[in-house]
Amino acid sequence: MNRSAVPERVDAVVIGSGALGASTCFHLAKAGLSVAMLDKAELASQTSPRAAGLSGVLRPDIAMTRIATRGVEKIVNFQAETGEPMEFQQPGSLKIARLPQHEAQVHEDVERGRALGLDVALISFDEARRLMPFLSTDGVRAVMHIRSDVYLEPVQVPAGYARASARLGAITLPNMPVEEILTIGAAVAGVRTPHGDIRAPVVVDAAGAWLRVVAEQGGASVKLVPTRHQLMLTARLPDVRPTQPITRIIDANVYVRPDNGSLMLGGYESDPVQYDMRDIPKDFCIENLELDLAVLRRLAKSVAEQFPVFRDVAIREFRGGLPTMTADGEHVLGPAPGIGGLYVIGGCCVGGLTTAPALGEILSDWITQGRPSSDVSFMAPDRLATQLPEEVLRDLCRLRYAHHYWPPESMPNDAAAETRMT
Ligand SMILES: Cc1cc2nc3c(=O)[nH]c(=O)nc-3n(C[C@H](O)[C@H](O)[C@H](O)COP(=O)(O)OP(=O)(O)OC[C@H]3O[C@@H](n4cnc5c(N)ncnc54)[C@H](O)[C@@H]3O)c2cc1C
């Protein structure tokens, strides 16, 4: 690579080519901006391609449900919008309640989903077993079915958006680390790379696990915690069908779905490994992430009554990545605090593949039209410029992770209120 490959000036630089960066790049290029998307690794190669690829519409609040529903719509229409292929399955999903409080939760979910016009219903145990023959309903209290949920091979999202961006004229630069965010006064002026500077009035930090580090280069504080998340795939099993639904066991924090003749299982342990990218060698990539199959075996054991198949099955693959958790469990999207022209998109809380199509669109509208096209005030970056001590921040993020499928009853150190403190 030499200087000639690096543009001198563009309208916007996007740092990171994962699902969130590539979607932002595509929507900016579609809006007519000249864009350069840089990645320190190969394009679309880090956490995004390692995801489970589950895309669900029903979320705990209306604003997130709208965003997730828009995300699924954009996946379904991906090929028409981008010209890139998108293979997906839309078998819907099952949510399994085994505890009384989770039975009440799925009843509320059904009511909320219906009020929002979603096709959700409580279904009989017979129907649940018919849809997902690997499921045993012994000990189950209630099953909810959400009919529009999809799953897909995750790499298609960032790679598809990156190719579509390039076709629209965006410059995509793999193996091109941003070493510095250039500023003039309190505004961004571009980025510094090993092959020269790129001048730009807009810089988007979509650096995934490195988002906090990159924001700090620009003088902004966006505190989130990269957290290891893993999944495994069984050997091929004769009765797996692609049309079997995604199945989530609420109390165990475990999800299962078909994958090319195998079953995939992933989940959220209560004591996940957290990272601080400031302490990690610069050349670290997700390929180097230390994985631990024992975590997945424990999660599989916790659902053995519902999925006896996982008691004794060969594993053909396991993988993991570093999604980022925030103290209040919400994404981060919008202008970075204190630096004009710097925007951030991340804090995915293990849901960024689903939200990327919609959030990239919203951020692009914000940049090109001066305001977001949906209410994303609850994702405001300045709420993460928190003064919380690092240990408290980590505790809150750990708790959010461990409660992915049901809300925590209380927050440690009475810190819930402080999560919105700036
Ligand atoms: C096992 C697993 C299962 C998951 N399942 C799901 C799921 O079912 N549904 C869902 O929605 N989400 C899921 N997720 C979460 C999802 O993968 C993330 O939310 C999403 O990938 C985040 O995308 P990103 O663009 O922020 O990060 P990334 O894909 O990591 O992209 C960030 C990019 O920034 C680049 N970068 C960093 N620093 C710099 C720099 N200085 N200069 C240039 N480039 C830089 C990196 O190299 C990287 O390519 C899962 C995650 C894992 C690990």
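Visitor: Where does Asn175 lie in this thing?
Guide: Asn175 is in the loop that links β9 (171-173) and β10 (180-184). Keep in mind that this is a predicted model.

Visitor: OK, and what's phi there?
Guide: For Asn175, phi comes out near 55°, which is a positive value, and the residue isn't glycine.

Visitor: Is Asn175 buried, exposed or partly exposed?
Guide: Partly exposed, because 13 other C-beta atoms sit within 10 Å of Asn175, and the buried label takes 20 or more.

Visitor: Switching over to Asn253, which strands flank its loop?
Guide: Asn253 is in the loop between β16 (246-249) and β17 (254-259). Its phi is near 60°, again a positive value in a residue other than glycine.

Visitor: And is Asn253 buried or exposed?
Guide: Asn253 is buried: it has 21 other C-beta atoms within 10 Å.

Visitor: Back to β10. What's the strand order in its sheet?
Guide: The order is β10-β11-β12, in an open sheet of three strands with antiparallel pairing.

Visitor: Which strands stand at the edges?
Guide: β10 and β12 (196-199) do. Each has a single partner strand, so one side of each has no neighbour in the sheet. From one strand to the next, the twist averages 30°.

Visitor: How many bridges join β10 to β11?
Guide: Five bridges, with β10 and β11 (residues 187-193) running antiparallel.

Visitor: Say I click on Leu182. What's its bridge partner in β11?
Guide: Gly190 is the bridge partner of Leu182 in β11.

Visitor: What do strands of a sheet pair through, in general?
Guide: Backbone hydrogen bonds, in either a parallel or an antiparallel arrangement.

Methods:
Residues numbered from 1 in each chain as written. Predicted model: local features only at pLDDT ≥ 70, side-chain atom pairs only at ≥ 80, totals over all residues. Helix = DSSP H or I, 4+ residues; strand = E, 2+ residues; numbered from the N terminus. Buried ≥ 20, exposed ≤ 12 C-beta atoms within 10 Å, placed from the backbone. Pairing = 2+ DSSP bridges. Axes fitted to C-alpha atoms, helices over the stretch in contact; angles between N-to-C directions.
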